[in-house]
Amino acid sequence: MADDLLSQLKRMTTVVADTGDLEAIRRFSPTDATTNPSLILQAAQQEGRRARLAEIARHATDIDDALDGVAVEIGSEISALVPGYVSTEVSARLSFDSEATLARARSLIERYGRHGVGPERILIKVAATWEGIQAARVLEREGIHTNLTLLFGFAQARACADAGVTLVSPFVGRILDWHKAQDPEADFAGDRDPGVQSVRRIYEHFKGHGFETIVMGASFRNSGEIQALAGCDRLTISPALLGELAETEGTLERRLAPLGAETRPPEPQDEAEFRWALNEDAMATEKLAEGIRKFMADQRRLEALLGELRQA
């Protein structure tokens, strides 16, 4: 009998759970777990958490303090279930403020320390804006690991590698969404998927130039996208797609493999070059802005929930 696809994938790629659901993490036994404001909101709405979240909210100095307290509480619970990294996101509101991002990241690491979780276990998630990437550069020098998210364009990926970030999360499904909206009749299956093509290009650039930054594909719309990226350093996958892979038997072909550095890296982009290249990429520009707005919308809903609990 053939192995299920998830078991085969785990032998060539580090599987990361894209969820704050502890039961899903227990079920699928991923190496890492990643959260974002949307996933934290979902976890915070679980009835069994309300009493503890109310306690955190009432003891917080302000709503930002409450938000970070909740994120670290859930992240600490997850850290007990996975052997690797747990990603925790800095507020999307700070996406264009390097100094505020630095302060918030350091505060999150300090909070995790009070929960007994060391900095080697945490990835601070930051939006891959110019300001976010520059903050990540400083954090990495301080020994704080970063995960640059909302990454849609090659210019963003290049800048992240130049900054020496630990990990990047290039999105797949949201890139596909944009192209399908532009050309609804096109066939984007398999290797024609523009999100899959984007991750492959980033992976080949990093491996071909000797960058150590981890490539973690994210935001999948179907299991075919995951199979097309088998062999990528890491893939962060929702519980629904993890379940589909676990229940599907067959042969999974490795599609990505590090071939070793072949050439020296190109000269790093400066700010003007980065902003111009991003501006020239309509998809990346639009999806980055949209992603920040969507994360912020869910953060506002979480703020409202915590505000209610503070008053209860």
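Q: Contact means heavy atoms within 4.5 Å. By that cut-off, which residues in α4 and α5 meet?
A: This is a predicted model. In it, Arg52, Leu53, Ile56, Ala57 and His59 in α4 meet Asp65, Ala66, Gly69, Val70 and Glu73 in α5. These residues divide into 5 nonpolar, 2 polar and 3 charged. Gly69 belongs with the polar ones, because Gly is counted there by definition.

Q: How are the axes of α4 and α5 placed, and what is the hand of their crossing?
A: Helix α4 covers residues 50–59, and its axis comes within 8 Å of that of α5. The two axes cross at roughly 145°. The crossing is right-handed.

Q: Which two values describe a pair of packed helices?
A: The angle between their axes and the distance between the axes.

Q: Why are α5 and α6 called oblique?
A: Take the angle first. The axes of α5 (residues 63–79) and α6 (residues 98–114) cross at roughly 50°. Roughly parallel needs an angle under 35 degrees, roughly antiparallel over 145, and roughly perpendicular 65 to 115. The value fits none of these, so α5 and α6 are oblique to each other. Their axes come within 10 Å, and the crossing is right-handed.

Q: What makes up the contact between α5 and α6?
A: From α5 come Asp64, Asp65, Leu67, Asp68, Gly69, Ala71, Val72, Gly75 and Ser76. They meet Arg104, Leu108, Arg111 and Tyr112 in α6. By class, this contact has 5 nonpolar, 3 polar and 5 charged residues. Tyr112 goes with the nonpolar group, because Tyr is listed there.

Q: Why does the pair α6 and α7 get its orientation label?
A: The axes of α6 and α7 cross at roughly 45° and come within 8 Å. That makes α6 oblique to α7, because the angle is not under 35 degrees and not in the range 65 to 115 or over 145. The crossing of α6 and α7 is right-handed.

Q: How do you know that α6 and α7 touch, and through which residues?
A: Ser98, Thr101, Leu102, Ala105 and Arg106 in α6 meet Glu131, Gln134, Ala135, Val138 and Leu139 in α7. By class, the contact has 5 nonpolar, 3 polar and 2 charged residues.

Q: What makes a space a cavity rather than a pocket?
A: A 1.4 Å probe fits in a cavity but cannot get out, whereas a pocket is open. The structure holds 4 cavities of 30 Å³ or more.

Q: What is known of the largest cavity, and which element gives the largest share of its lining?
A: About 160 Å³ of space lies in it. The lining has 14 residues, with Pro37, Leu67, Ala71, Glu89 and Gln299 nearest the centre. Helix α5 gives the largest share, 3 residues. At least two residues each come from α3 (37–44), α5, β3 (86–89) and α14 (282–311). By class, the lining has 6 nonpolar, 5 polar and 3 charged residues.

Q: What lines the second largest cavity?
A: Among its lining residues are Glu89, Val90, Ser91, Thr101, Lys125, Leu150 and Ile292. The space is about 70 Å³. Strand β4 (residues 122–127) supplies the largest share, 3 residues. The classes are 7 nonpolar, 3 polar and 2 charged.

Q: How many residues line the largest pocket, and which lie nearest its centre?
A: The count is 28, and Asp18, Asn36, Phe171, Arg174 and Ser219 lie nearest the centre. Elements giving two or more residues are α3, α9 (173–182), β8 (234–237), α12 (239–246) and α14. The most comes from α14, with 5 residues. The lining divides into 9 nonpolar, 10 polar and 9 charged. About 450 Å³ of space lies in this pocket.

Q: Which residues line the second largest pocket?
A: They include Phe96, Trp130, Glu131, Phe274, Arg275, Leu288 and Ile292. Two or more residues each come from α7 (130–141), α13 (271–280) and α14. The pocket holds about 170 Å³ of space. Its lining divides into 7 nonpolar, 3 polar and 2 charged residues.

How values were computed
Residues are numbered from 1 along each chain as its sequence is written. This is a predicted model: local features need pLDDT of at least 70, side-chain atom pairs count only at pLDDT 80 or more; totals for chains, interfaces and linings use all residues. Side-chain values use heavy atoms; hydrogens and water are left out. Axes are lines fitted to C-alpha atoms, for helices over the stretch in contact, and angles run from 0 to 180 degrees between N-to-C directions. Helices (H or I, at least four residues) and strands (E, at least two) are DSSP runs, numbered from the N terminus. A crossing is left-handed if the near helix is turned anticlockwise from the far one by less than a right angle, and right-handed if clockwise. On a 1 Å grid over the protein atoms alone, a cavity is a set of points where a 1.4 Å probe fits but cannot get out, and a pocket is an open set with protein on both sides within 12 Å along at least five of seven lines; lining residues have an atom within 4 Å of a point. Grid points are joined across faces, edges and corners, and a volume is the space filled by probe spheres set on the points.
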